[in-house]
Amino acid sequence: MTFIDLSFILFLIGAIIFFYIVPVKYRWVALLVISIAFYAIAGLKYLPFIFVTSLSVFLCARQMGKVYAASDADIEAHDYARKEKKELKDKAKKKAKKYVVIALLLNLAILCVVKYTKFFVNPINDLIGFMGGKEGSFSAAMIIVPLGISYYTFSSLSYLLDVYWRRVGYETNYLRFLLYLIYFPHILQGPIERYGRLGVRLKQELRFDWDRILGGVQLMLWGYFKKLVIADRIDVFITNAYADYKTAGSFALVLAILLDVVYIYSDFSGCMDIARGVSAIFGVELDLNFNHPFSSLNIVEFWRRWHMSLGSWFKDYVYYPISISSLVKNISKKTRGKTSPRISKMLITILPVFCTWVLTGVWHGTGITYVSWGLYYSFMIFMSVTFEEDFKNLNQKLHINTETTGFRYFRMARTTLIFAGGRLLTRPGSLMDSARIFKRVFTDIDPWSIFNDHILDFGMDAKDITVAAIAIAVFGLVAHLQKQGEVSVRGLINKQNLPIRWALYMALVFAILIFGIYGMGYEASSFVYMAY
């Protein structure tokens, strides 16, 4: 059951009624029941996995908290010298580290097994045959991949490490912690919430607020518009163009590459809008996951604005720890004074960037395409960070005014093309297909291909093209209004007179009902990031 299923709408209506008839004091319990029911409907076989993760992390974090509490009580009760206090704190941290290692190894092992075992089907069958078993008895279909495992695993590990680093206090109530992990609006595709934020919000009094509920519904409708009217419509063209790239002309392939950028943005941000809207109805705010990423002037800024919860997770729990690790410190120490500052900076930058982005690629998907995706962004970000000053100096020498509007749009377009290049590595399915599509774009150039290419052969008729163009324009206009002075479009609408407000609401509803891709004759299209 996903957000675009009719069964979800019916489930949501029932959940809202149940939630608001429960006394305020117990509404967090109602949310837990609703979330477990949502997860159970997706598959009872998934429940043991999230229970193992939640229970193991909860118990290990609680033990760490008790270790720290005992150490603090000891220090407070005695008049220790500064050195002795430090020794006691270090001893407590060393003891707590054992619990971190246990929970990390267990849950990362579960994540790796369920996500990556399918790539070892043949070796496993060979081993079974070698040991006298029936050859071919194992298949990828036998592997259970729990719903949202990448998201709830990362959320649980962020809590575990935050307790270890003493950024947050440990939770004493297991059911409260389970609600933080299994809370149904964010378990499908995130955002990857931190316990210090979402855990606190889930403990607040969740009272009825009509304005907040209306705002949540509005946000949901906008998400459905982006998903059903834009993303699922243009996805047909992109899929067919890539599948028939040998016959498609350069214009059709370039159009598919650019539309793929629109597709993943409208699909993913649409899901986030629905998730945040649903959560708002229950009185809980979820973090923003996008902040106008295509207005970014470079790729580093882009990844601070795109999938922000994932980016901040890798920054806090992978990039920074590696950056301050003894290995990087030793590299810095050994190269200082022996090489130029530039070389030294490059050496201490490349390791954390490389590790962070290869792991990010592996998180997104399995196989060589996603490893290549990680290497691609490692290189792009390394170049951007290392040669930033050189690019500025070059612009000055060439007397290029980097503050003009035209140059800003150039940089935004450049960033978008870099992102499109990353998508081209993974979307076609194999690196060989990606290379052939890329080659065909530049070697099969025909000035008249815009007229010769049979765009209608790739699954979109004239009506679809018109609807997609208008919908994308509306999407762009709303994004532009939001970006200009950080204006809330929903806030502007809510200030209008009642007839205008409801005319706009109904126009959006009818646009989804009339032009959305759903119902009989259409294969249900899941959200793209659910696969991760």
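This is a short conversation about how some features of a predicted model get their names.

Modeller: The model is predicted, so local features need pLDDT of at least 70 and side-chain atom pairs count only at pLDDT 80 or more, while totals for chains, interfaces and linings use all residues. Residues are numbered from 1 along each chain as its sequence is written, and side-chain values use heavy atoms, with hydrogens and water left out.

Biologist: Why are α10 and α11 called roughly antiparallel to each other?

Modeller: The axes of α10 (residues 210-243) and α11 (residues 250-281) cross at roughly 155 degrees and come within 7 Å. Angles over 145 degrees count as roughly antiparallel, under 35 as roughly parallel, 65 to 115 as roughly perpendicular and the rest as oblique, and α10 and α11 are therefore roughly antiparallel.

Biologist: What makes His 292 count as buried, and what is Arg 166 called?

Modeller: Buried means under 20% relative accessible area, exposed over 50% and partly exposed in between, with a 1.4 Å probe and protein chains only. His 292, in the loop between α11 and α12 (299-305), is at 13% and therefore counts as buried. Arg 166, in the loop between α6 (149-164) and α7 (174-182), has 44% and is therefore partly exposed.

Biologist: How do you know that the span of α21 agrees with its 22 residues?

Modeller: The expected span of a helix is 1.5 Å times one less than its number of residues. For α21 (residues 462-483) this should be 32 Å, and the end C-alpha atoms are 31 Å apart, which agrees.

Conventions:
Axes fitted to C-alpha atoms, helices over the stretch in contact; angles between N-to-C directions. Helix = DSSP H or I, 4+ residues; strand = E, 2+ residues; numbered from the N terminus.
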